[in-house]
Amino acid sequence: MRPFLLERYFAEYEFKAAGLLSASDCESLGMDELLRMATPASLELWRDLRLGYTETAGHPLLRAEVAGMYDGIAADGVMIAAPEEAIFIAMQTLLAPGEGVVVVAPAYQSLYEVARHIGCGVTRWELEPERDGWRLDFGRLARLVDERTRMLVINFPHNPTGHTLTRPELDAIVEFARARDLYLFSDEMYRLLEYEPGARLPAVCDLYEKGISLAGLSKAYGLPGLRVGWLATRDRTLPGRWLAFKDYTTICSSAPSEILGIIALRSREPILQRNREIVAGNLAVAARFFARRADLFAWLAPAAGPVAFPGWLGDEPVERFCREALERTGVMIVPAGVFEYPGEHLRIGLGRGGFSATLDRLEEHLRDRLG
Ligand SMILES: Cc1ncc(COP(=O)(O)O)c(C=O)c1O
């Protein structure tokens, strides 16, 4: 499998950099903070926890909490796994060599790399930058599929652009998939971080009988260290195949993480509210910064979620700009090449505390360098 460029980039710099301007997760919660939110019943689960193996599909109470967040999903339509593991398991079980996959691009690499490694043909459905945001050309979709196509892969709110769909657009994709009997794999890791409730799309697993929703606690909940995510579907043929595959990845999830996950989901409203407020505050700071430096960046305001993908208008390649910012200021910014995106863009992460101070460091560097 080819190296995962984004993850290798983070592996190299994340724990050395003085400031991260491109993280996609929200500011993580502390253990104490989370435990203080626990209801008496879930605190008891934590205190009584025994560190044995757990059920492969996930703790029954955790699956019940997850299922309860959807309209039409029963607990046996949910499998708990680390989000990245869930992508791997879904692709390995649903795809075969020679089949085709259409993926919205740019994309989080595993959303197409696993399929490519299996031997599938991967076709990119490119998001295109416009003056104020991003656009997906629906007229192109029919031309991207053929008789080998087995799956459509979408991810809204989108990483890295911050684009999202309208409800009619999502319905059109579902109808398209249904008419051709395609699986619709929907990465919903950034769902629940919309800027207004009206922008929230339904989960694909609730809309389509061959829809699969991926979600988890890493991004909107700020709990990536738990490594808790899930796949949810109404297709009754799928969970058994996923579980048989999970025997070859982790067998079961981490017992402490499952209980902490239950605690988080039972307290989801205050956690999500906290994180939406962080994103909203940082979004306002970012919009002001990019307006001040319109000579160097095209902001392309995100429509939902904790990341944006502004254009870089400077003379040198964006890779060089990011490397120099890191070397001179310690601020880590992810350039577009890490997403195998050919344009001059960079990813900005809006979910972290200290965002404003990190951006100040970058602004000072720009002033010193360019005036
Ligand atoms: C779109 C998307 N899907 C899945 C994942 C994987 O999540 P995790 O790192 O928690 O496994 C990420 C992480 O960055 C992501 O951006």
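## Exercises on a predicted model: sheets and ligand site

Both faces of strand E2 are covered: Val78 and Ile80 on one side, Met79 and Ala81 on the other, are all buried (under 20% relative accessible area, 1.4 Å probe, protein chains only). Strands (E, at least two residues) and helices (H or I, at least four) are DSSP runs, numbered from the N terminus.

This is a predicted model: local features need pLDDT of at least 70, side-chain atom pairs count only at pLDDT 80 or more, and totals for chains, interfaces and linings use all residues. Residues are numbered from 1 along each chain as its sequence is written, and side-chain values use heavy atoms, without hydrogens and water.

**Exercise 1. Place E2 in its sheet and find its partner.**

Step 1. Write down the strand order. The open sheet of eight strands runs E2-E9-E8-E7-E6-E3-E4-E5, with mixed pairing. Two strands pair if DSSP finds at least two bridges between them.

Step 2. Mark the edges. They are E2 (78-81) and E5 (134-136), and each pairs on one side only.

Step 3. Read the pairing of E2. Four bridges link E2 to E9 in the antiparallel sense. Valine 78 has alanine 232 of E9 as its bridge partner.

Step 4. Compare with E3 (100-105) and E6 (149-154). These two run parallel and are joined by four bridges. Here valine 103 stands opposite valine 153 in E6.

Step 5. Add a helix. H4 (60-68) packs on the sheet and touches E2 and E9 (229-233); contact means heavy atoms within 4.5 Å. The direction of H4 makes about 120 degrees with that of E2. Axes are lines fitted to C-alpha atoms, for helices over the stretch in contact, and angles run from 0 to 180 degrees between N-to-C directions.

**Exercise 2. Describe the ligand's surroundings.**

Step 1. List the neighbours. 13 residues surround the ligand, and the closest are Asp187, Tyr190, Ser218, Lys219 and Arg227. A residue counts if one of its heavy atoms lies within 4 Å.

Step 2. Collect polar contacts (pairs of N or O atoms within 3.5 Å). A polar side-chain atom of tyrosine 190 is 2.6 Å from a ligand oxygen. For asparagine 159, a side-chain N or O atom is 2.8 Å from a ligand oxygen. Glutamate 84 uses a polar backbone atom, 2.9 Å from a ligand oxygen.

Step 3. State the cover. The protein covers 94% of the 390 Å² of accessible area that the ligand has on its own (Shrake-Rupley method, 1.4 Å probe).

Key
Polar contact = N/O pair within 3.5 Å; in protein donor to acceptor, adjacent residues only side chain to side chain. Buried < 20%, exposed > 50% of the residue type's maximum accessible area, 1.4 Å probe, protein only.
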